[in-house]
Amino acid sequence: MSSPTPILEASGLVKKYGQVVALNGADFELYPGEILAIIGDNGAGKSTLIKALSGALQPDEGEIKLGGERINFHSPRDARRAGIETVYQDLAVAPALDIAANVFLGRETRRGGPFGFLLRLLDKRGMRREAARHFEELGIGIQSMDEPVENLSGGQRQGVAVARAATWAQRLVIMDEPTAALGVKETGQVIELIKRVRERGLPVILISHDMPHVFELADRIHIMRLGRRVAVVTPKTHTMPEAVAIMTGATPSQLDNALTKEGSAE
Amino acid sequence: MGPTRTLELARRVITAPTVGPFIALVVTMAFFSLKTDRFFQAQNFSLVLQQVMIVGVLAIGQTLVILTAGIDLSVGTVMALGQVIMTKLAVANGVPALPALLLGILTCVGFGVLHGGLVTGVRLPPFIVTLGTLNIAFALTHIISNDLTFTGLPKLEVFWGRTFTISGTDFTYGVVLMLVLYALTWYGLNQTAWGRHVYATGDNREAARLTGINTRRVLLSVYTLAGLTYGIAAWLLVGRTEVGDPNAGQTTENLDSITAVVLGGTSLFGGRGTIIGTLIGALIVGVFRNGLTLIGVQVIYQYLVTGILVILAVSIDQLTHRRAG
C-alpha cells in the first residue's frame with residue numbers, strides 16, 4: 001500500500017476481562033485525511049478498541065502510536081491533550097447551557113488584562129465569536145450562539161458536539177455512533193457535517209452500525225471480528241453484503257482474499 | 001436599535017427566568033398591601049429585609065448545592081451549631097472575639113467539606129448525607145451549649161445587627177452584607193469558568209466530565225462554599241438576636257431556604273436557575289411570613305402555607321422540566 005505514515009496506529013492490542021477476551025491482538029491504522037469506519041458485530045471488540053484509542057481504558061498488551069510516537073493514555077483527558085477528540089452517541093452536551101458555552105466547556109477563555117487575570121472574568125463575546133466562526137466553517141446553520149442547546153433539534157445538538165470536537169481536535173476525531181439517536185433527516189445533516197470535517201483535513205474514525213452510511217462516508221472500512229481486525233476493505237472494492245459476510249464470519253476464507261483484493265486495488 | 005433588536009430584547013425579558021418569581025413577588029406584595037395598611041411602609045420593608053437576611057444568605061449556599069442537582073437539608077442546624085460555638089467560645093471560654101468567630105464559621109465550612117467529601121468520595125446521595133448531618137449538628141448544638149443561652153457577646157460578633165438610617169428608615173449592615181454576597185455569587189456563577197462548570201455539572205455530569213471538567217472538584221468547592229455561607233449566616237443571626245441560642249435556626253430555616261431557591265425558579269434537577277431568582281424567592285418567603293403575621297394569621301398556619309407553597313413551586317418545576325426533557 002503506497003500510503004504515508006499512519007497518524008494513529010495500534011498493533012497487537014489485547015484486553016481481557018477475566019475469562020472474556022475483548023481484544024485478541026487487534027491491529028489498527030488511521031491515515032491522514034481519511035474517514036475510517038469501524039464495523040463489527042456486537043462483542044466483536046469495536047468499542048473496546050475505541051476506548052483503548054481514546055484513553056478510556058488501558059490495553060493489557062500491544063502498543064499505540066500517535067504520529068509515529070508511542071503513547072500511553074491513562075484517561076480520556078490524556079487523549080484530548082494529545083489532540084484526539086471523541087463524539088459520543090448520547091449527545092454529551094449540557095442542554096441548559098448555550099451553544100458557545102458548550103463549545104468552550106472546560107476550555108473557557110478569559111478576558112485579557114487584570115479583569116481576566118485577577119477577577120477571572122470570562123471572555124463571553126470572544127468565545128461566541130470564535131464558536132460562530134467554527135460553525136460557519138463547518139456550514140452549520142445556527143444563527144444565535146447564545147441559544148440554549150436544549151432549544152435545538154437532536155441533529156443540531158449533535159452538530160454542536162461535532163463542532164466542539166472539530167474545534168479542539170489537533171490530530172483526529174473519533175465518532176462513536178454519532179447518528180444512533182437521530183432521525184432520518186437529522187442523520188443526513190450529521191453525515192454532511194462529518195464530510196466537512198474531513199474536508200478540513202481532520203481524519204475521522206467512525207463507528208457505525210449503519211452500512212449505507214458507512215459505505216457513503218468511509219474511505220476505508222476496518223472490520224472487527226472476535227477481538228481482531230479481520231479485514232480492511234473499501235467501498236470501491238467490496239459490496240455491502242460482502243462486508244457483512246466478513247463481519248459475521250459467513251465467509252471466513254474471505255480474510256486473505258479481502259486483504260489482497262484491497263491491496264491490488266490501491 | 002432596530003426593530004429586530006428591540007423584539008429580541010423583548011423576547012429575552014419575557015423569557016428571562018427571573019420574570020416569573022418577580023411577578024409572584026409583586027402579586028404577593030399587592031395582596032398584603034390591600035389586606036393591611038401596615039404592610040406597605042418603609043419601616044415594615046426594613047423589617048422584612050432583616051427577617052430575610054438569614055434565610056437569604058443560607059439560600060445562597062442552598063442554590064449552589066441545588067444547581068449541582070444536590071440538596072442540603074442541614075443548613076439551619078449547621079448554622080445553629082456555628083452560632084453556638086462562636087458565642088460560647090467568646091462568652092463562656094474566654095476566647096477572644098475574632099478567633100471565636102472564625103472557629104464558629106470554620107465549623108460550618110467543615111460541615112461543607114464533609115458533605116462534599118461524602119458526596120464525591122463515597123458517592124453518597126446528598127439527601128442522605130445532609131439528613132445525617134442535620135441530626136449530628138442538631139445534637140452537637142445542644143451538647144456543646146448544654147442548652148444554655150449565651151449573652152453579653154463581643155461587639156465583633158453582633159456587628160451586622162447595627163443599623164444606619166436612610167431618610168428615616170433603619171437598615172442593618174447585615175442586609176448590606178447579604179446583598180454583597182448575592183452580587184459576589186452572581187459574578188462567580190455568571191462571569192467565571194467556575195460558574196459554568198457548576199451549571200454543567202448539575203446539568204449533565206457525565207458530559208461535563210467528558211469535556212475535561214473535574215466534576216468532583218467542582219462539587220467539593222460548591223459544598224465548601226455553601227458551608228461558608230452557613231457560617232456567615234450564623235454570624236448574621238448572632239448580630240440580629242444578640243444571643244447565642246441553641247434553639248435558634250432550627251425550625252423554619254431549612255425549609256425556607258429550599259423554598260426560596262425553588263420559588264426563585266431554580267430547578268431541583270440541577271443545572272438551571274439564577275442567584276437573583278433566589279434573592280426574589282427569599283423575599284417572597286419573607287413577605288409571606290411578615291404579611292401573614294400582620295393580618296393576624298397564627299404561626300402554625302404560616303407553616304401550613306409555606307408547606308403548600310414549596311410543593312406548588314416544586315410541582316411547577318417538575319411540570320416544566322418534563323416538558324423540556
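**β9 and β10, chain A**

I started at strand β9 (residues 220–225) of chain A, which is joined to β10(A) by 5 bridges, the two running antiparallel. My strands (E, at least two residues) and helices (H or I, at least four) are DSSP runs numbered from the N terminus, and I call two strands paired if DSSP finds at least two bridges between them. This is a predicted model, so I kept to its filters: local features need pLDDT of at least 70, side-chain atom pairs count only at pLDDT 80 or more, and totals for chains, interfaces and linings use all residues. Residues are numbered from 1 along each chain as its sequence is written, while chains are lettered from A and ligands numbered from 1 in the order in which they are written.

Going through the register, I found A:R225 opposite A:R228 in β10(A). A:H222 stands opposite A:V232 in β10(A).

Then I looked at the turn. The hairpin of β9(A) and β10(A) has 2 residues between the strands, and A:L226 takes a positive phi near 50 degrees there. A:L226 is not a glycine, yet has that positive phi. I count A:L226 as partly exposed because 15 other C-beta atoms lie within 10 Å. My cut-offs: buried means 20 or more other C-beta atoms within 10 Å of the residue's own, exposed means 12 or fewer, partly exposed is in between, and C-beta atoms are placed from the backbone.

Is β9(A) itself covered or open? Mostly covered: 6 of its 6 residues are buried. A:R220, A:H222 and A:M224 point one way, A:I221, A:I223 and A:R225 the other, and all are buried. That fits the textbook picture, since side chains in a regular strand alternate between the two faces of the sheet.

On another pairing, β3(A) and β9(A) go together in the parallel sense over 5 bridges. Here A:G40 stands opposite A:M224 in β9(A).

**The 6-strand sheet**

I zoomed out to the open sheet of 6 strands in chain A, ordered β6-β7-β8-β3-β9-β10 with mixed pairing. β6 (84–87) and β10 (228–233) are at the edges with a single partner strand each, so one side of each has no neighbour in the sheet. The twist from one strand to the next averages 20 degrees. For angles I use lines fitted to C-alpha atoms, for helices over the stretch in contact, and values run from 0 to 180 degrees between N-to-C directions.

Next, the helices on this sheet. α6(A) lies across β6 and β7 (172–176) of chain A, at about 175 degrees to β6(A). Helix α7 (residues 184–199) of chain A lies across β3 (35–40), β7 and β8 (204–207), at about 155 degrees to β8(A). Contact means C-beta atoms, placed from the backbone, within 7 Å.

**The 4-strand sheet**

I also noted an open sheet of 4 strands in chain A, ordered β2-β1-β4-β5 with antiparallel pairing. Its edge strands are β2 (20–30) and β5 (69–71), each pairing on one side only. Neighbouring strands are turned by 30 degrees against each other on average, direction ignored. Strand β1 (residues 8–17) and strand β4 (residues 61–66) of chain A pair antiparallel over 5 bridges, with A:V14 opposite A:E61 in β4(A). Helix α1 (residues 46–53) of chain A packs on the sheet, touching β1, β2 and β4, and its direction makes about 120 degrees with that of β1(A).

**Core**

Which residues touch the most other members of the largest nonpolar core? A:L172 and A:V173, out of 163 residues. I take a nonpolar core as buried Ala, Val, Leu, Ile, Met, Phe, Trp, Tyr and Cys residues joined through C-beta atoms within 7 Å. Leaving out residues up to four places away in sequence, A:L172 touches A:I7, A:L8, A:L30, A:I84, A:L202, A:P203, A:V204 and A:I205.

**Two loops**

A:G141 sits in the loop between α5 (124–137) and α6 (154–168) of chain A. I list A:G141 as exposed because it has 9 C-beta neighbours inside 10 Å.

In chain B, I picked out B:N146, which has a positive phi of about 55 degrees although it is not a glycine. B:N146 is in the loop between α6 (126–145) and β1 (163–166) of chain B.

**Chain contact and confidence**

The contact takes 18 residues from chain A and 18 residues from chain B. I checked the scores last: ipTM 0.82 and pTM 0.87.

Notes. Contact = placed C-beta atoms within 7 Å.
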